[in-house]
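Please look through the sequence and the model shown below before reading on. The report then goes from the whole chain to single residues.

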Amino acid sequence: MLYFPYNSEVARVVAARFIINDGGRMNYTKLMKLMYLLERRSLIENCAPVIGGRYVAMNKGPLISQVYDEVKANAWDGIEQCGYNVVWQGDAADVDDYLSDWEEENIDALSEQFKGQDYGALIDYTHRDDVCPEWGNVARADTSTDIKLRDIPGCNVEELESYAREMTMFNDR
């Protein structure tokens with residue numbers, strides 16, 4: 001199975017911007033869904049990941065496995081898990097100038113699109129066949145099932161797989 005290398009620092013900054021956009025506190029399931037939607041959009045539009053990692057289908061929808069692990073482990077500086085929420089406790093300057101214009105614009109657009117909606121709305125949204133058909137196209141066990149790049153409609157699979165191989169080779173050196 002081919003994956004893009006996961007970038008924890010980029011994931012932390014993306015998460016921070018989503019949380020800040022939501023008033024500094026957000027349900028962690030909603031955050032993970034928004035991060036997956038951003039990643040999916042980048043794979044389709046840019047033929048490149050923002051965060052990387054292993055994409056999986058779980059009973060409550062698709063997500064990036066390493067994001068799930070880091071949220072659950074409370075592993076990001078400036079982001080604290082409080083019950084079912086994550087809270088931004090860092091300095092907003094920590095996220096300024098770190099992301100590309102495309103990333104900032106799309107984080108802000110997704111934040112606006114789902115503003116005021118709870119995590120259940122994001123679960124329902126990512127279960128829709130016209131939004132994330134890759135979630136419904138893979139068999140799920142009780143835990144998670146891999147989503148392959150070719151499972152995501154609209155992706156240039158050959159280009160993405162070539163890029164993932166290059167990234168993996170570069171990161172293995």
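The text below describes the overall fold, one helix and a few chosen residues.

**Basis of the description**

This is a predicted model, in which local features need pLDDT of at least 70 and side-chain atom pairs count only at pLDDT 80 or more, while totals for chains, interfaces and linings use all residues. Residues are numbered from 1 along each chain as its sequence is written, and side-chain values use heavy atoms, with hydrogens and water left out.

**The whole chain**

The protein chain has seven helices and six strands, where helices (H or I, at least four residues) and strands (E, at least two) are DSSP runs numbered from the N terminus. Following the sequence, these elements come in the order α-β-α-β-β-α-β-β-α-α-α-β-α.

For 173 residues, a compact globule would have a radius of gyration near 16 Å, and the value for the protein chain, 15 Å, agrees with this. The radius is taken over C-alpha atoms, and the globule rule is 2.2 Å times the number of residues to the power 0.38. Along the principal axes, the C-alpha atoms fill a box of roughly 40 × 35 × 30 Å.

Of the 173 residues, 46% count as buried; buried means under 20% relative accessible area, exposed means over 50%, and partly exposed lies in between, with a 1.4 Å probe and protein chains only. The accessible surface of the protein chain is about 8,500 Å², and 44% of it belongs to carbon and sulfur atoms. Such areas come from the Shrake-Rupley method with a 1.4 Å probe, and for residues only the protein chains shown count as cover.

A contact means heavy atoms within 4.5 Å. Among contacts between residues at least 6 apart in sequence, 71% join residues at least 24 apart.

The protein chain carries 17 positive and 31 negative charges, whose mean positions are 6 Å apart. Here Lys and Arg count as positive and Asp and Glu as negative, whereas His and the chain ends are not counted; the place of a charge is NZ of Lys, CZ of Arg, CG of Asp or CD of Glu.

**Helix α4 and its surroundings**

How far apart are the end C-alpha atoms of helix α4? They are 18 Å apart, which agrees with the 18 Å that its 13 residues, 101–113, should span at 1.5 Å a residue, where the expected span is 1.5 Å times one less than the number of residues. Within α4, the residues Glu103, Glu104, Asn106, Ile107, Leu110 and Ser111 are buried. An α-helix has 3.6 residues a turn, so residues three or four places apart point the same way. The buried residues of α4 pack against α1 (8–21) and α2 (28–46).

Leu38 belongs to helix α2 and counts as buried, because its relative accessibility is 0%. Apart from neighbours within four places in sequence, Leu38 is in contact with Val14, Phe18, Val50, Trp102, Glu103, Asn106, Ile107 and Leu110. Although Leu38 and Ser111 are 73 residues apart in sequence, their C-alpha atoms are 10 Å apart in space.

**Helix α3 and helix α7**

Val71 is found in helix α3, and so is Lys72. Leaving aside residues within four places in sequence, Val71 is in contact with Tyr28, Met32, Trp76, Gln81 and Val86, while Lys72, on a count that leaves out residues up to four places away, touches Tyr28 and Gln81. Arg165 lies in helix α7 (residues 157–172).

The table lists C-alpha separations for these three residues, together with their accessibility.

| Residue | Relative accessible area | Partner | Apart in sequence | C-alpha separation |
|---|---|---|---|---|
| Val71 | 3%, buried | Asn59 | 12 residues | 18 Å |
| Lys72 | 38%, partly exposed | Leu43 | 29 residues | 25 Å |
| Arg165 | 45%, partly exposed | Pro5 | 160 residues | 9.7 Å |

**Two residues with positive phi**

Most residues other than glycine have a negative phi, and most peptide bonds are trans. Cys47, which is not a glycine, has a positive phi of about 55 degrees, and Asn74 likewise has a positive phi, near 55 degrees. Cys47 lies in the loop between α2 and β2 (55–58), whereas Asn74 lies in the loop between α3 (65–73) and β4 (79–82). Is each of them buried or partly exposed? Cys47 is buried, with a relative accessible area of 13%, and Asn74 counts as partly exposed at 33% relative accessibility.
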